[in-house]
Amino acid sequence: MNAKKNSDPTPMDHASVQWLATSLDSQHPADTADELENLSLAEQLEYIQEMDVEDASESITEMERHDRNALMTQLSPDFAAAILEAMSPDDAADILEDLDVSIRARIFKKLEREDAEEISDLLQFDPDSAGGVMNTEILALDHSMNAQQAINLIRDRVEETEIPYYAYIVDEFRHLRGVLSLRDLLLSPGRTLLKELLHEQNLIYVSFDVDKEEVARLISRYNFLALPVVDHEQRLLGMVTVDDVIDIIQEEASEDMQSMVGAGRDETVVSPWTYSLRMRLPWLILNVLNSAVSAYVVHLFEGTIAQMAILAALMPIVANQAGNTGQQALAVMIRQLAMERFNRKKSWVAVLREAKIGTANGLIVGALVFFGLFIWTHNLGLAVVMAVALGLDMLLGAVAGASIPLILKELGRDPAQASSIFLTTLTDSIGFFTFLGLAAVFLF
């Protein structure tokens with residue numbers, strides 16, 4: 001089990017492979033996925049083919065995207081189809097969507113017609129929407145049934161559907177009419193009609209084209225275990241469960257973190273290096289151009305720095321403090337945009353709040369730096385210039401850090417996309433200009 005992913009494994013006899021596959025079967029799928037990812041691709045293929053199909057499908061679902069894609073690409077179309085048929089349709093659609101078109105087509109030919117149609121329908125939805133993450137293996141109960149009939153149907157169909165946290169009640173045209181918890185259903189008198197149990201509900205659901213982040217926000221806000229997904233005529237299509245939401249939140253958080261610094265949103269340590277290069281290089285080139293702006297600002301004050309060399313030593317302090325202040329505001333704003341529905345007025349009020357915080361921090365840090373620098377250099381003018389420049393640039397950093405994600409959002413772009421690069425450009429170039437400009441005016 002300690003074999004490295006790209007190593008040349010020592011050949012194992014068939015009995016050893018079977019024994020290891022059986023031991024993997026007994027683990028939780030997430031643990032099995034971790035074990036599989038530590039093996040070479042050749043070993044993964046051997047062990048997967050020895051595992052029970054149901055267990056293999058659950059383990060592959062838990063694997064990292066790039067590992068999973070590499071493995072599925074190497075499986076025979078027949079075996080890959082069997083693996084996908086054992087999965088829930090939404091997981092199967094996610095995997096197929098990542099595969100090469102030609103490989104996907106070969107696997108589709110081997111799928112059972114019903115499974116192929118269900119997965120194909122899911123692939124029509126935007127992967128970042130509620131429709132793209134919903135599970136269609138859902139049990140809908142006709143509102144004309146009584147409670148006992150509903151319970152019997154759930155008992156008969158529970159193996160074929162996603163664990164029914166709730167009972168979704170529909171009419172004869174499959175329009176969603178209400179939601180019952182299983183507890184309420186089980187405690188209801190057997191002859192009571194489902195439509196009589198609904199009463200007046202504040203029915204909460206999402207349309208298939210709602211962004212998946214909004215789905216996650218709603219489930220988190222209302223502490224639901226699942227949320228129904230409907231079409232524009234309010235016909236029930238499926239549901240998004242809380243386990244899907246956990247994956248969404250984790251995925252979005254990691255993507256935002258990587259986007260802030262210009263890395264690929266779905267990049268991992270096992271992504272092809274050429275993919276990482278393609279994702280990162282444009283932003284690094286942009287960063288060089290932005291850094292050139294800061295360098296040019298410093299060049300403009302070359303004479304000033306030559307007359308007082310200590311200015312060169314103090315410049316990084318101004319830039320770093322402003323940069324850190326901006327990063328704090330940036331992180332708070334991106335988190336706010338990720339967790340709540342975008343509200344233009346509320347968001348720009350948050351910028352004013354960050355400006356107040358930046359001003360207060362600038363005054364306090366500026367005062368501390370003033371006293372420290374004056375004690376060190378005994379130069380009152382230099383201490384004043386440093387304190388003022390530091391305070392102004394920290395205010396700028398706070399405002400810029402809070403504003404950049406909002407500006408990107410208003411432009412229809414990802415608020416996290418390379419925000420850190422734009423922020424650094426502003427705080428460095430304007431910070432240097434402010435500090436050296438004040439020094440040139442008041443010290444010489």
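A nonpolar core, as I will use the term, is a set of buried Ala, Val, Leu, Ile, Met, Phe, Trp, Tyr and Cys residues that are joined through side-chain atoms within 4.5 Å, and please keep in mind throughout that what we are looking at is a predicted model.

With that in hand, let us turn to the largest nonpolar core, which has 45 residues, and in which Ile48, Ile60, Met72, Leu75, Leu84, Ile107 and Val240 are the ones with the most contacts inside the core. The helix that gives the most to this core is α6, spanning residues 77–85, with five residues. As general background, nonpolar side chains in soluble globular proteins tend to be buried together.

What is Leu84 in contact with, once its neighbours within four places in sequence are left aside? Leu84 is then in contact with Met72, Ala92, Ile95, Leu96, Ile107 and Leu111. Apart from the largest core lies another core, this one of 23 residues, and among them are Phe301, Leu314, Met386 and Phe435.

Let me move from cores to cavities. A search of the whole structure finds two cavities of 30 Å³ or more, and I would like to dwell on the second largest, whose volume is about 50 Å³. Its lining consists of Ala93, Asp94, Glu97, Leu122, Leu123, Phe125, Pro127 and Gly132, and by class these are five nonpolar, one polar and two charged residues.

Which helix gives the most to that lining? The answer is α7, with three residues, while both α7, residues 89–98, and α9, residues 113–123, supply at least two residues each to the lining of this cavity.

Technical notes:
Residues numbered from 1 in each chain as written. Predicted model: local features only at pLDDT ≥ 70, side-chain atom pairs only at ≥ 80, totals over all residues. Heavy atoms only, no water. 1 Å grid on protein atoms, 1.4 Å probe; cavity = no way out; pocket = protein on both sides within 12 Å on 5 of 7 lines; lining within 4 Å. Points joined across faces, edges and corners; volume = space filled by probe spheres on them. Helix = DSSP H or I, 4+ residues; strand = E, 2+ residues; numbered from the N terminus. Nonpolar A, V, L, I, M, F, W, Y, C, P; charged D, E, K, R; others polar. Buried < 20%, exposed > 50% of the residue type's maximum accessible area, 1.4 Å probe, protein only. Contact = heavy atoms within 4.5 Å.
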